[in-house]
Structure formats: C-alpha cells, structure tokens
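The exercises below are meant to be worked with the sequence and the coordinates open side by side. Each task is followed by a solution that proceeds step by step.

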Amino acid sequence: MEERENLPYLLKYANGERVTVGDVVRLPMGEVGVVEQVILPGTIASAGYKCDQGGVLVCEPVMYGCVLIECGTGATGDNGWADLRLIRRSGTDA
C-alpha cells in the first residue's frame, strides 16, 4: 500500500483537503450527511465493503441512511466523488 501522503486524490475533497471522520458534507444527491468512516484502499475494510480503491461511508438519516461513495468506480471514474462537498469539520460551528 502507498504511503499516507500519496493516497489517491479521491480520498480528498475537490479543494485538496483530506476527508476525515466527522466531516459534515453535502452528498452528490444534495442531502447533508456526516462521514462515518474513511475506507483506505488495500485494507480489511475495503475488502469487506468490496471497494478495493477505497471510499467514504456517509450517514444521511433522512433519505438514504448510510451511503458508500467508492473511489473511481463510476462511468466517469469518480462515482460522484467530485460532487462530495465539505460543509464543515466536526466540532466547528455552522
């Protein structure tokens, strides 16, 4: 597995910031959720979720429950990742 500094860009938001647990995000579908788990590529979690390139588990309780956004599996290679937007970090005011 690659060094942490060289993680795929897909584990970062479009602005280059790293995705972290607790981040409040806007999903590609428009709803707001919270990052529950960052799934790194090549880990037991990525094998368990069947997302070898990694991904992010986001909980959005109103419409979808928990949503797994996988890295690089969509038709355009991003599976909506480019539309995942950081609203605020955990513990910061709106």
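## Exercise 1: The disulfide

The link between Cys 59 and Cys 66 is right-handed, with 65° about the S-S bond. The model in which this link is found is a predicted one.

**Task.** Establish how many disulfides a search of the whole structure finds, and state whether Cys 51 is buried or exposed.

**Solution.**
Step 1. A search that covers the whole structure finds 1 disulfide.
Step 2. This disulfide joins Cys 59 to Cys 66, with an S to S distance of 2.4 Å, and the cut-off for counting such a pair is that the sulfur atoms lie within 2.5 Å.
Step 3. Cys 66 has a relative accessible area of 47% and is therefore partly exposed, whereas Cys 51, with a relative accessible area of 1%, is buried.

## Exercise 2: The sheet

**Task.** Work out in which order the 5 strands form the open sheet, and explain why one side of β4 and of β5 is left without a neighbour.

**Solution.**
Step 1. Begin with the composition of the protein, which has 1 helix and 5 strands, and whose elements, taken from the N terminus on, run β-β-α-β-β-β.
Step 2. Strand β2, residues 32–39, pairs with β3 in the antiparallel sense over 5 bridges, and in this pairing Ile 39 stands opposite Gly 55 of β3.
Step 3. Strand β3, residues 55–60, pairs in turn with strand β4, residues 65–70, over 6 bridges and again in the antiparallel sense; here Gly 55 stands opposite Glu 70 in β4.
Step 4. Between β3 and β4, which form a hairpin, there are 4 residues.
Step 5. The strands together give an open sheet with antiparallel pairing, in the order β4-β3-β2-β1-β5. Because β4 and β5 (85–88) stand at the edges and each has a single partner strand, one side of each is left without a neighbour in the sheet. From one strand to the next, the twist averages 40°.

## Exercise 3: Core and surface

**Task.** Identify which residues make up the largest nonpolar core, and state what share of the residues of the protein counts as buried.

**Solution.**
Step 1. The largest nonpolar core has 10 residues, namely Tyr 13, Val 19, Val 25, Leu 27, Val 35, Val 56, Val 58, Val 67, Ile 69 and Leu 84. At least two residues of this core are supplied by each of β3 and β4.
Step 2. Over the protein as a whole, 31% of the 94 residues count as buried.
Step 3. For the surface, the protein exposes about 5,500 Å², of which carbon and sulfur atoms supply 52%.
Step 4. Among the contacts in the protein with a separation of 6 or more, 45% are accounted for by residues 24 or more positions apart.

## Exercise 4: The surroundings of Val 34

**Task.** Determine which residues Val 34 touches, not counting those up to four places away in sequence, and find how exposed Val 34 is.

**Solution.**
Step 1. Locate Val 34, which lies in strand β2.
Step 2. With residues up to four places away in sequence not counted, Val 34 touches Gly 22, Asp 23, Val 24, Leu 57, Val 58 and Cys 59.
Step 3. Take Leu 57 from this set: Val 34 and Leu 57 are 23 residues apart along the chain, and their C-alpha atoms are separated by 8.5 Å.
Step 4. The relative accessible area of Val 34 is 30%, so Val 34 is partly exposed.

Conventions: Residues numbered from 1 in each chain as written. Predicted model: local features only at pLDDT ≥ 70, side-chain atom pairs only at ≥ 80, totals over all residues. Heavy atoms only, no water. Pairing = 2+ DSSP bridges. Axes fitted to C-alpha atoms, helices over the stretch in contact; angles between N-to-C directions. Buried < 20%, exposed > 50% of the residue type's maximum accessible area, 1.4 Å probe, protein only. Contact = heavy atoms within 4.5 Å. Areas by Shrake-Rupley, 256 points an atom, 1.4 Å probe, with all protein chains shown as cover. Core = buried A, V, L, I, M, F, W, Y, C linked by side-chain atoms within 4.5 Å.
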